[in-house]
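Trainee: Before we go through this model, I would like to know what stands behind each label.
Mentor: Then ask about the labels one at a time.

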Amino acid sequence: MTLKLQDEIRQSKPFRCAEEEAYLSIVRTAAMLEHSLAQALKPFDITPTQYNVLSILRGAGDQGLCRNEVGGRLVTAMPDVTRLLDRMEDVGLIVRQRSTVDRRLVSTRLTKKGLDLVGRVDAKVVEIHEQQFRGVDKRSLKTIIGVLADIREKD
C-alpha cells in the first residue's frame, strides 16, 4: 500500500489545494532521491553536486568550461561555484587554467583522476537510479518527465 504524503508527514489537516500537495510531494521525493544518491556516492568521497560537475566537464571535453558555464549547467543551482571548484581542485579532480589570450577567462577541465572517477561512478549512479524507480513502468516515467518539464517551462 502506498502511503499518502499527508500520512508520511503526519499532517492532520488536509492540504489547502492540490498544487500545495503536489509541490510538497515533489520536494519530499526529491529530498529522498538526493539522500539515497548521496549515500551511494559516499564510498567515492564525492557529493551528488560534485558528480554533476564531473559529468558536465567530461561532456565539455579537453576545452573545458569557465566557472559560470559550469554553474549554469548544474542540475541544482549553487551559490558558490568557485568554492565547489576549489575543493575539487584541491583533491585533484579538476584543473583550472587561465587563458593566455584573455586573462579574465579561466577554463576548468577534468584531470585524469577526475575522468577515471566519473567513469567508475557512472555504473553506481545508474544502479541507484534503477533502484529508486523500480516498480515504475517506462510509460509512467515518461509521464513524470513530461509533467515536470511542463512545470519548469512555465516557471
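Mentor: Buried means under 20% relative accessible area, exposed over 50%, and partly exposed in between, with a 1.4 Å probe and protein chains only. This is a predicted model, in which local features need pLDDT of at least 70 and side-chain atom pairs count only at pLDDT 80 or more, while totals for chains, interfaces and linings use all residues. Residues are numbered from 1 along each chain as its sequence is written, and side-chain values use heavy atoms, leaving out hydrogens and water.

Trainee: Why is asparagine 52 called buried?
Mentor: Asparagine 52 has a relative accessible area of 15%, and buried means under 20%, so asparagine 52 is buried.

Trainee: What makes the pair aspartate 122 and arginine 58 a salt bridge?
Mentor: A salt bridge is a side-chain nitrogen of Lys or Arg within 4 Å of a carboxyl oxygen of Asp or Glu. For aspartate 122 and arginine 58 the N to O value is 2.5 Å, so the pair is a salt bridge.

Trainee: What does that pair tie together?
Mentor: Aspartate 122 lies in helix 6 and arginine 58 in helix 3, so the pair ties together parts 64 residues apart in sequence. Helices (H or I, at least four residues) are DSSP runs, numbered from the N terminus.

Trainee: Why does arginine 58 count as partly exposed?
Mentor: Its relative accessibility is 32%, and partly exposed lies between under 20% and over 50%.

Trainee: How do you know that arginine 83 is exposed?
Mentor: Arginine 83 has 51% relative accessibility, and exposed means over 50%, so arginine 83 counts as exposed.

Definitions and conventions. Helix = DSSP H or I, 4+ residues; strand = E, 2+ residues; numbered from the N terminus.
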